[in-house]
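Welcome! Please work through a few short exercises with the structure open beside you, and try each task before reading its solution.

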Amino acid sequence: MAARFGFQTVPERIFRQLLRRGPSVGESSSINRVSSQPHRTYRAAVCTELKKPLVLQDLQATELKSAEVRVSVHCCGVNFADILACQGLYQEKPPLPFTPGMEFSGCVVETGSNVTTVQKGDRVMGVSGGSAMAEECIVDQKVLWKIPEEVGYEEAAALPVSYGTGLLALQHRAATQPGETVLVTAAAGGAGLAAVDIATHVLQAKVIAAAGSDAKCALAVQKGAYASINYNTSNLKEELKKLTNKKGVNVVFDAVGGDIFKDALSSLSWEGRILVVGFAGGSIPSVPANLLLLKNVSAMGVFWGRYREQDFPVFSQSISRAIQLCQEGKIRPHIGAVFKLQQVNEAFLQVIQRASVGKVVLSMK
């Protein structure tokens with residue numbers, strides 16, 4: 001029996017209804033518009049109610065604190081975590097209303113009195129606890145990195161979350177070694193393709209990509225995987241036995257959860273490591289401790305964003321390293337689709353429906 005999984009997408013039907021019904025008075029075809037404020041304002045996609053489509057509002061610009069920087073946002077990466085946050089299902093639950101968006105690229109337009117790391121006019125990329133799905137955002141100077149000339153705004157916006165997660169997971173947590181076999185699930189998604197790219201071209205590992213369609217498998221192979229498994233038409237455990245001569249895989253990068261996680265866990269080799277990156281399949285699995293014991297394997301959690309508070313040097317290094325590798329041409333983010341800010345609900349829907357590959361990006365310009 002082939003392994004199957006499905007995303008548990010609470011808001012999909014809501015987004016479908018919004019996109020079908022067309023515009024009403026004072027509304028664009030894809031997003032609501034709120035009247036502008038009397039002072040200088042900027043547009044932002046705002047979650048005003050959980051599990052409802054985002055609305056486009058004109059927000060009043062606020063003054064900077066001494067260590068803050070105002071960035072004119074050019075591009076913002078769309079992550080599954082953004083969608084979960086707008087459903088109230090993410091680990092961190094910001095109070096309503098809020099603007100989602102965890103990673104961005106843009107140009108510095110104003111700096112606080114104590115800012116020393118960047119100046120007006122600098123091309124930068126950064127991370128925030130939210131607020132990046134807007135024409136501008138304000139962040140602390142320490143979460144900004146300058147963009148090299150060789151890297152464009154779209155690529156820069158796609159680097160922090162996916163490649164930061166991939167580097168921290170595969171290198172810092174799992175200590176992946178050259179020649180080891182790495183299984184990447186959801187291998188055609190933003191995090192998945194980044195993991196394939198990093199494991200292959202940076203860590204010199206042998207990658208087996210697992211995804212839900214032949215086209216997605218082919219893309220992962222094009223990115224560097226030496227083999228692929230469509231887990232909607234094939235049995236993941238049996239195919240892994242064939243590909244590894246029953247030895248199993250050394251490392252698993254899993255962003256799916258559910259039965260896929262269980263099959264991957266049981267396919268680890270002696271002293272293998274499975275990285276718990278996410279639960280895009282909608283089901284959070286339990287870990288049978290006897291399997292950890294029998295093969296001396298390890299299950300490791302990877303909450304990349306938490307390192308920002310718990311171990312900022314490690315967090316910062318994951319982004320700096322991603323920028324360096326991209327500048328050197330060793331890695332290259334795959335931009336699957338680009339939407340305008342007013343199309344944010346369509347962008348979310350594409351991710352929800354698993355129609356996207358690589359990173360989906362919002363463009364503000």
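The exercises below concern a predicted model and go from confidence to helix packing, a salt bridge and one residue's surroundings.

**Exercise 1. Confidence**

Find out how the pLDDT is spread along the protein chain.

*Solution.* Start with the whole chain: the average pLDDT is 91, and 90% of the residues score at least 70. Next, look at residues 1–15, where the pLDDT is below 50, although the model gives this stretch 46 contacts beyond near neighbours in sequence. Then move to residues 17–38: here too the pLDDT stays under 50, and the model has 36 contacts beyond four places in sequence. Finally, keep a caution in mind: where pLDDT is low, predicted coordinates should not be read in detail.

**Exercise 2. Helices α5 and α6**

Decide how helix α5 and helix α6 are oriented to each other, and which residues make the contact.

*Solution.* First, locate α5 at residues 190–201 and α6 at residues 214–223. Their axes come within 9 Å and cross at roughly 30 degrees. Angles under 35 degrees count as roughly parallel, so α5 is roughly parallel to α6. The crossing of α5 past α6 is right-handed. Now list the residues: α5 brings Leu193, Val196, Asp197 and His201, while α6 brings Leu219, Ala220 and Lys223. Sorted by class, the contact of α5 with α6 has four nonpolar, one polar and two charged residues.

**Exercise 3. Helices α4 and α11**

Do the same for helix α4 and helix α11.

*Solution.* Helix α4 covers residues 160–173 and helix α11 covers residues 312–327. Their axes lie 9 Å apart, at an angle of about 110 degrees. Since 65 to 115 degrees counts as roughly perpendicular, that is how α4 and α11 are arranged. Among the α4 residues in this contact are Tyr163, Leu167 and Leu168; those in α11 include Val314, Ile319 and Leu325. Eight nonpolar, three polar and one charged residue make up the contact of α4 with α11.

**Exercise 4. A salt bridge**

Which residue forms a salt bridge with Arg40, and where does each partner sit?

*Solution.* The partner is Glu136, with the closest N and O atoms 3.1 Å apart. Arg40 sits in the loop between α1 and β1, and Glu136 in strand β6. The two are 96 residues apart, so the pair links distant parts of the chain. In total, the model counts 12 salt bridges.

**Exercise 5. Around Gln350**

Which residues does Gln350 contact, leaving aside its neighbours within four places in sequence?

*Solution.* Begin in helix α12, residues 344–352, where Gln350 lies. The contacts of Gln350 are Ala337, Phe339, Ala355, Ser356 and Val360. Take Ala337: Gln350 is 13 residues from Ala337 in sequence and 9.2 Å away, C-alpha to C-alpha.

Terms used. Residues are numbered from 1 along each chain as its sequence is written. This is a predicted model: local features need pLDDT of at least 70, side-chain atom pairs count only at pLDDT 80 or more; totals for chains, interfaces and linings use all residues. Side-chain values use heavy atoms; hydrogens and water are left out. pLDDT is the predictor's confidence in each residue, from 0 to 100. Contact means heavy atoms within 4.5 Å. Axes are lines fitted to C-alpha atoms, for helices over the stretch in contact, and angles run from 0 to 180 degrees between N-to-C directions. Helices (H or I, at least four residues) and strands (E, at least two) are DSSP runs, numbered from the N terminus. Angles under 35 degrees count as roughly parallel, over 145 as roughly antiparallel, 65 to 115 as roughly perpendicular and the rest as oblique. A crossing is left-handed if the near helix is turned anticlockwise from the far one by less than a right angle, and right-handed if clockwise. Ala, Val, Leu, Ile, Met, Phe, Trp, Tyr, Cys and Pro count as nonpolar, Asp, Glu, Lys and Arg as charged, and the others, Gly among them, as polar. A salt bridge is a side-chain nitrogen of Lys or Arg within 4 Å of a carboxyl oxygen of Asp or Glu.
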